[in-house]
Amino acid sequence: MRQAGRYLPEYRALRADKGGFLDLVNDPAAATEVTLQPLRRFAFDGAILFSDILMVPNALGQKLWFETGEGPRLAPELRTRAAIDALVPDAAILDPVYATVRGVAAALPPSTTFLGFAGSPWTVATYMIAGRGSREQAEARRMAYGDPGAVQELIDRIVAMTVDYLAGQVAAGVEAVQLFDSWSGSLAPAEFERWVIAPTVAIVERLRARVHVPIIGFPKGAGGKLAAYARETGVDAIGLDETVDPAWANTQLPAGLPVQGNLDPLLLIAGGAALDAGVDRVLAAFADRPHVFNLGHGIQQDTPIAHVERLVARVRA
C-alpha cells in the first residue's frame, strides 16, 4: 500500500515545492525521492513505486488531471463504443514512470525489495467510463450490463497496455508487481468472473510469458469470492483488505499461498493497545503461511508517525 501519501511532512514539503500530484508523478527525480522517503524513516523491507493507477488511462488516450480536494478527472468520458474507438494511445506518457523506477532501483540496498503496480482492468475501466471516481461504480456497471461488447473492448485495451506497463517496470528494476482492483467488491458474482477474474488471468498469463517476478492480486471487497480469485487467476500472492477475517482467509485460501495485509488503516490511527491487538491478530492468523505484513488499504493522511514506528517495532519483535 502507498507508503508516503500525505502523512509525512517531507512529502508535503516536496509536493508544495513541485505543485500538483501529477507534477510529482511525472518528475522522475521527485517521484524517486517520494518513493525513498518512507524507507529513510522506517527502514521498511519493501519500497513501493510512487505513481498512480490512472497513468494507464492517460497512456490509452484520456486526458488526466486532478481537481484540488476532489480527486482525479478523465476526459472524454467513455460511455459509448465510439468514444472508446476514438482513443489515440501514447505509450510514451509512461516513460517518466520507468525513469523513476530506474532511479529508485539504483538507490535501494539489495535487502530492500522494490514493488511496482498497476490498476486492474475493472477498476481502471470504472474511472475511464465515468471520468472520475464514482459512487458504487454505477456508470460502469450499467454499461457492462447494457453494452458488454463495448466494455469488453475497453477491458481488452487496458489489459494490453497494463501488460506492457508492468513489463516495462520490471525491465527498469521492480522485483514484484501488484494489481489493484480497488472496486472489485461492487460486482455481482457472475460479473466478478467476467470483469475481474478473466482480465486478471489474461494479464498474469501474458506477463509471465515476458518476465519472471511475483504477481500480487488485490481484489478489494471480494469477500467470499476471494477463494475463486486465488484459484482461478494464478496470482502468486493475495492482498487482503481490512474487512476480511484473517482467520477465515487462512482456512479458505489454498495452502501455502502467500498473503499480504490486512491491518485496518484506522487501527494505525487509533494506536495504543488496539493497534497492538490488531497486529497480533493478523500475525497469529497467518503464522503457518508466507505473509507480507501490510495494511488492508492505503495509509491515511492523518496517521501519526509514532504509530507507524510502533507497528514496525511490534512486527519486527
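**Notes on an aromatic cluster and a parallel sheet**

1. Let me start with the cluster I enjoyed most: Tyr11, Phe21, Phe50 and Phe66 are linked by ring pairs. Please keep in mind while looking at it that this is a predicted model. In total, the structure has seven aromatic pairs.

2. Take Phe21 and Phe50 to begin with. Their ring centres are 5.5 Å apart and their planes meet at 65 degrees, so this pair is edge-to-face; the cut-off for that class is over 60 degrees. Phe21 belongs to helix H2 (residues 21-25), while Phe50 sits in the loop between E1 and helix H4 (55-60), so the contact ties together parts that are 29 residues apart in sequence.

3. Are these two rings buried or exposed? Phe21 has a relative accessible area of 13%, and Phe50 has 10% relative accessibility. Both count as buried because the limit is under 20%.

4. Phe21 also pairs with Phe66, and here the geometry is tilted, with 5.0 Å from centre to centre and 55 degrees between the planes. This pair links distant parts of the chain, with Phe21 in helix H2 and Phe66 in strand E2 (residues 63-67), 45 residues apart. Phe66 is partly exposed, at a relative accessible area of 27%.

5. Two lysines are worth a look as well. The charged end of Lys63 is placed over the ring of Trp65, 5.2 Å from its centre. Elsewhere, Lys225 lies over the face of Phe192, and the distance to the ring centre is 5.3 Å.

6. Now to the sheet. It is open and built from seven strands with parallel pairing, in the order E1-E4-E5-E6-E7-E8-E9. Which strands form the edges? They are strand E1 (46-48) and strand E9 (291-295), each of which pairs on one side only. On average, neighbouring strands in this sheet are turned by 25 degrees against each other, direction ignored.

7. For a detail within the sheet, try strand E7 (residues 237-239) and strand E8 (residues 259-263). These strands run parallel and are joined by two bridges. Gly239 has Gln260 in E8 as its bridge partner.

8. Finally, a helix to view against the sheet: helix H9 (residues 148-172) lies across strand E4 (113-119) and strand E5 (176-181). With respect to E4, helix H9 runs at about 165 degrees.

Definitions and conventions:
Residues are numbered from 1 along each chain as its sequence is written. This is a predicted model: local features need pLDDT of at least 70, side-chain atom pairs count only at pLDDT 80 or more; totals for chains, interfaces and linings use all residues. Side-chain values use heavy atoms; hydrogens and water are left out. Two strands pair if DSSP finds at least two bridges between them. Helices (H or I, at least four residues) and strands (E, at least two) are DSSP runs, numbered from the N terminus. Axes are lines fitted to C-alpha atoms, for helices over the stretch in contact, and angles run from 0 to 180 degrees between N-to-C directions. Contact means heavy atoms within 4.5 Å. Rings of Phe, Tyr and Trp (its six-membered ring) pair if their centres lie within 6.5 Å; planes under 30 degrees apart count as stacked, over 60 as edge-to-face and the rest as tilted. Buried means under 20% relative accessible area, exposed over 50%, partly exposed in between (1.4 Å probe, protein chains only). A charge sits over a ring if NZ of Lys or CZ of Arg is within 6 Å of the ring centre and within 35 degrees of the ring normal.
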